[in-house]
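Welcome, and please have your viewer ready with selection by residue number. We will go from one stop to the next, with a short look at what is there each time.

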Amino acid sequence: MQERGRHDVAGELGRALLLSALGDEHSGRPQQALAAYRSTRSLLEDAVLRDGRLDYVRYLAQAHDHESTLVRALEDPAAAVGLARRAVEVWDRLGATDGRDAWPVDRAEARRKLADAHIDAGDGAAAAREFDEAERVLGPVSAAGPGGRLVSTLIHNGRAVLLRRSGKPEAACREVRLALDALGTPAEPQEEQVRVRCPQTLNAALGDLDRHREALAVADEITTTVESLSERGQVSLRDVADARRRRVDVLLRLGHVTEAQAPAHQALREYRSLIDGGRTDLEDEAARLRGALSVALHRSGDLDGAVREMETMRRHFAERTAYPWQRLLPRQTVDTAASLGDDPHTMLLRGLDVRLADLAKVRDGRPRDVDRLLAELACQRQELMSGSLAFIETDQVSQALEDLCGSLVWLAERFPQDAVHEACVETALISGATAMRCLRDGAAERGFRLAVAHGRVLVLDRGRTGHLERWCNAQLAQASWQTYRGEETAAERTISDMEAHLTTLAPSRAPAWSAHARRTLITFCRG
């Protein structure tokens with residue numbers, strides 16, 4: 001076309017290239033699709049602006065629309081705003097040409113995507129205005145047909161994302177429910193995919209509200225649905241990996257560190273398969289997941305694995321100079337970095353370096369270092385429990401105590417001294433009680449179980465009866481948690497085991513301890 005000056009074919013060539021780009025995007029080749037959309041836009045602008053071919057305006061709008069979405073996902077959200085705004089302008093021009101109320105669904109969808117771009121670029125006020133305008137342009141959903149119902153659903157879901165990032169998770173949950181009401185029963189694959197997308201937002205908002213059990217139920221439902229859709233070829237492998245990654249995040253929030261590892265490894269294999277196939281844009285998601293896996297391994301006592309995954313994550317993000325950090329870091333962290341004149345990238349790397357240094361200090365310890373390490377870990381525990389760190393929420397204290405438990409488990413496996421097991425009992429018991437207060441089920445169960453296990457080593461395996469009372473306290477705490485959870489059979493087994501050992505080791509104290517334990521359990525009964 002350029003060699004022979006045949007600009008009259010620009011429109012048809014652009015239209016053909018648009019179909020090719022759509023095919024690339026649908027087949028999971030976003031980089032190729034983005035390049036094709038850029039070429040498409042150039043060709044169609046030539047046809048529309050040079051030759052006045054208004055019959056190609058619709059395709060030009062679609063090219064802008066899809067290009068902005070991929071730029072937002074793969075490159076720079078700020079640049080995506082300009083492209084998305086241009087898509088809105090082209091659609092509005094088409095609407096003005098064909099009549100004031102023409103193309104309502106497409107025009108509303110373009111504004112919704114502009115709002116999404118504003119969210120990722122950090123301009124919440126502009127996003128809110130565009131969501132309102134998208135709703136106005138769409139008009140009554142009942143008159144807009146199935147496409148209008150889908151766009152209305154996505155507008156509500158987009159508002160939910162905005163509300164959550166603005167620190168209003170309750171309002172975000174309400175908006176997600178409006179989205180699901182607008183969608184109704186999915187009737188086609190695209191609606192099935194959106195039906196998954198909305199609960200993802202709900203899952204994140206529930207996590208912000210510390211409603212972790214509900215969040216896990218939602219994450220489990222999402223994973224099951226996505227796996228089913230994948231078997232029918234209606235979602236991509238990337239969707240499956242993303243669902244697993246989100247489930248890992250919820251499991252960690254609840255403290256299910258062992259249960260989080262298998263889906264994390266599985267999702268990493270899926271991401272690796274996609275990355276090897278050309279999806280280099282997913283390296284960020286894989287790196288984020290490695291960070292989560294590192295946390296799970298640390299809290300399980302595998303410091304070698306934790307360091308390996310954390311170092312891999314750090315290497316990746318050290319090379320990442322431009323990234324929409326609000327997708328990776330909590331909103332408070334991004335805001336704090338801005339208020340301190342710091343950038344989130346530097347803050348992230350600094351945080352990873354601190355965590356790696358803490359892990360290395362314990363992992364590389366020698367026998368002569370054990371007393372010093374125990375003293376440092378005890379100091380950290382005391383600092384967490386004293387309330388001197390006023391800016392830390394109970395949930396964060398609980399997670400920090402899990403980290404201490406993981407480090408102590410590592411030390412106990414390598415330096416099984418009485419002092420190490422004593423520290424395990426003390427720290428794990430406090431960890432379980434703290435997790436119980438903020439309803440982190442997995443962390444509570446694991447904390448009490450660790451306290452009982454390490455107490456058993458001291459009292460039964462080594463005959464250190466001076467630790468008997470502390471061990472009994474750990475068993476009573478475990479039984480209390482089991483009773484609170486409605487696991488009466490498990491609680492009875494725990495108390496019976498305690499009573500049996502008391503009868504052997506301290507028969508004169510056994511009746512009083514048994515009566516005290518059973519009175520305590522009554523206070524934890526829900527019925």
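How many salt bridges does the structure hold? The count is 55. Keep in mind as we go that this is a predicted model.

**Stop one: helix α4**

Select residues 77-98, which make up helix α4. Within that helix, show the side chains of R86 and E89, which meet in a salt bridge with an N to O distance of 3.5 Å. The two residues sit 3 positions apart, about one turn of the helix. Are they buried or exposed? R86 counts as partly exposed because its relative accessibility is 27%. E89 also falls in the partly exposed class, at 42%.

Stay in helix α4 a moment longer and pick A79, which has its place there too. This alanine is partly exposed, with a relative accessible area of 38%. If you would like to try a distance, draw a line from the C-alpha of A79 to that of V240: the two are 29 Å apart in space and 161 residues apart in sequence.

**Stop two: helix α5**

Next, select residues 104-120, helix α5. Here the side chains to show are R112 and E109, which form a salt bridge at 2.7 Å, N to O. Both partners belong to this helix and are 3 residues apart, about one turn. A surface display is handy at this stop, since R112 and E109 are each buried; the class requires under 20% relative accessible area.

**Stop three: from helix α16 to helix α17**

Now bring up the pair E376 and K361, whose side chains meet in a salt bridge of 3.8 Å, N to O. Which parts does this pair tie together? E376 lies in helix α17 (residues 370-386) and K361 in helix α16 (residues 344-363), so the contact links parts that are 15 residues apart in sequence. Colour the two residues by accessibility if your viewer allows it. E376 is partly exposed, with a relative accessible area of 27%, and K361 is partly exposed as well, at 40%.

**Last stop: a network**

To finish, select R299, R355, D395, E402, D403 and R440 together. Salt bridges that share partners join these six residues into one network. Show their side chains as sticks and follow the links from partner to partner.

Technical notes: Residues numbered from 1 in each chain as written. Predicted model: local features only at pLDDT ≥ 70, side-chain atom pairs only at ≥ 80, totals over all residues. Heavy atoms only, no water. Salt bridge = Lys/Arg side-chain N within 4 Å of Asp/Glu carboxyl O. Helix = DSSP H or I, 4+ residues; strand = E, 2+ residues; numbered from the N terminus. Buried < 20%, exposed > 50% of the residue type's maximum accessible area, 1.4 Å probe, protein only.
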